[in-house]
Amino acid sequence: MSQTLHTVAVLHGDRVAGLKRRVYRLTVGRGRAATVRRCVESAVTLGSHDGNAVVVAHPTVSRFHARIELDPSGGWLLTDLDSTNGTMVNGLRVLQAYLPPKAKLQLGEAEVTFEVEREERELGLSAADRFGALLGQSAVMRRLFEELDGVSRADTTVLVQGETGSGKDLVAQEIHRHSARRAGPFLVVDCGGLPETLVDAELFGHERGAFTGADVTRPGAFEAADGGTLFLDEIAELTPATQVKLLRALEARMVKRLGSNEWRRVDVRVIAATHQDLARLCNQRLFREDLYHRLAVITVRVPPLRDRLEDLPLLVGAIMEDLGASAATPLDEGLLEALRGRRWAGNVRELRNIVQRALVLGAERALADDPAEIAAPAAPTGATDEPYKLAKARAVEAFEKRYLTELLQRHNGNVAAAARAGDVDPAWIFRLVKRHGIDVASLRRR
């Protein structure tokens with residue numbers, strides 16, 4: 001990884017008051033025909049589609065070819081989005097790589113130069129440690145609060161992206177509560193929790209007799225949320241047919257109930273959320289790119305818990321209070337220390353479960369109740385027996401490493417192909433590769 005830190009804290013006393021971020025330049029092509037884009041955003045996509053932050057118009061470039069984003073460690077991380085013709089950095093093909101301060105990128109056959117400039121721009125942080133129900137003293141969360149303050153005032157469609165359990169639902173809820181629509185309804189539709197046959201009826205409503213079991217006329221979520229906000233959770237789970245209907249509703253602001261010929265006008269702000277990479281799904285033709293850009297007018301990224309571990313004491317205290325624990329109940333320092341070493345696949349939702357178990361069972365048992373999330377212990381020395389939970393944790397770790405190594409070997413170190421074969425998200429493979437120290441390059445056939 002590049003050793004150059006591209007984000008620097010701006011201190012005011014002992015408190016981080018802002019962040020200075022280095023500007024970087026992306027030059028597409030060469031000579032007089034080259035185009036230049038100077039960037040400071042946390043994440044930009046590059047591809048041939050007009051909706052990318054950096055458009056690379058070349059027949060060998062995929063619609064959404066690659067993404068450059070700022071890693072919490074301070075380096076710029078390039079990720080190939082399952083492109084057709086691949087991505088190269090300084091002559092080496094990569095799926096994901098940290099960029100040096102200057103690098104030659106190749107997207108398909110198109111050339112792009114990446115170069116970090118000396119100029120710095122300061123990004124403001126919220127002075128508050130909360131934004132409604134959202135809590136955080138860390139710089140990344142206070143930056144999020146600053147962004148949400150502006151997003152709430154803009155009456156536009158928003159796409160909220162973040163890992164499972166990171167609080168995307170709370171973000172949507174607080175955007176509504178801080179918006180001009182706060183007096184209107186806030187409706188939630190879980191697109192992944194409904195059978196395919198019921199999604200259309202849930203979103204758009206139905207007339208009596210429209211289908212078997214439709215005994216009464218019922219307005220859909222779009223109509224019910226009129227004047228307010230409609231939150232579509234797990235938007236990536238929608239079927240292609242429903243994606244078409246949703247796109248039409250977003251464009252025309254009109255809906256038609258199942259079994260009806262009448263179009264009804266609706267005044268609704270839509271906030272969508274997903275833990276999946278919609279740009280990657282567009283390349284895989286699993287999500288409509290026109291719908292993606294209708295949803296991603298503004299994109300909000302919620303940081304995972306592992307990127308803001310300094311918030312743990314604040315979060316644990318708030319969860320304990322919410323669960324009815326006495327304000328005088330001391331925080332177990334041993335528990336907090338153990339929490340800092342966890343991987344947090346379930347993020348804040350996982351933290352709440354652990355704190356709840358700790359209040360009932362005690363800290364030690366609360367941590368042991370989820371052995372798959374505890375780092376594998378060292379092999380026992382001089383002992384013939386081992387507790388069941390520790391043995392299970394060791395077995396899970398060993399299985400993960402063996403399974404992943406064999407899967408990558410079968411697919412010549414190609415993470416995208418291995419993810420498809422294993423029916424898992426490529427990001428999960430990248431996390432396990434890092435966790436287990438697997439050398440992907442050594443698994444490729446020469």
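How buried or exposed is R37? Select R37 and you're looking at a partly exposed residue, with a relative accessible area of 27%. Keep in mind as you click around that this is a predicted model.

**Stop 1: R37 and E41.** Add E41 to your selection. E41 and R37 form a salt bridge, and the closest N and O atoms sit 2.4 Å apart. The acidic partner, E41, is partly exposed too, at 30% relative accessibility.

**Stop 2: R280 and D82.** Next, pick R280 and D82. Here the closest N and O atoms of the salt bridge are 3.3 Å apart. R280 belongs to helix α6 (residues 278-283), while D82 sits in the loop between β7 (76-80) and β8 (87-89), so this pair ties together parts 198 residues apart in sequence. Now switch on a surface: R280 is buried, with a relative accessible area of 10%, and D82 counts as buried as well, at 14%.

**Stop 3: D149 and R153.** Jump to helix α1 (residues 139-153), where D149 and R153 are four residues apart, about one helical turn. They form a salt bridge too, with 2.8 Å between the closest N and O atoms. D149 is partly exposed at 35% relative accessibility, whereas R153 is exposed, with a relative accessible area of 60%.

**Stop 4: a network.** Select R25, R38, E115, E117, E119 and R121 together: salt bridges with shared partners join them into one network. For the whole model, the count comes to 29 salt bridges.

**Stop 5: an open sheet.** Switch to cartoon view and colour five strands in the order β16-β19-β22-β15-β23; they make up an open sheet with parallel pairing. At the edges you'll find β16 (186-190) and β23 (298-301), each pairing on one side only. Look along the sheet and check the twist: neighbouring strands are turned by 20° against each other on average, ignoring direction.

Zoom in on β15 (residues 158-161) and β23, a parallel pair joined by four bridges. For a landmark there, select V160 in one strand and find V300 of β23 standing opposite. If you turn on hydrogen bonds, remember that strands of a sheet pair through backbone hydrogen bonds.

**Stop 6: the helix across the sheet.** Finish with helix α2 (residues 168-177). Which strands does α2 lie across? Show β15, β16, β19 (229-233), β22 (269-274) and β23, and you'll see α2 lying across them. Draw axes for α2 and β22 and the angle comes to about 165°.

Note on methods: Residues are numbered from 1 along each chain as its sequence is written. This is a predicted model: local features need pLDDT of at least 70, side-chain atom pairs count only at pLDDT 80 or more; totals for chains, interfaces and linings use all residues. Side-chain values use heavy atoms; hydrogens and water are left out. A salt bridge is a side-chain nitrogen of Lys or Arg within 4 Å of a carboxyl oxygen of Asp or Glu. Buried means under 20% relative accessible area, exposed over 50%, partly exposed in between (1.4 Å probe, protein chains only). Helices (H or I, at least four residues) and strands (E, at least two) are DSSP runs, numbered from the N terminus. Two strands pair if DSSP finds at least two bridges between them. Axes are lines fitted to C-alpha atoms, for helices over the stretch in contact, and angles run from 0 to 180 degrees between N-to-C directions. Contact means heavy atoms within 4.5 Å.
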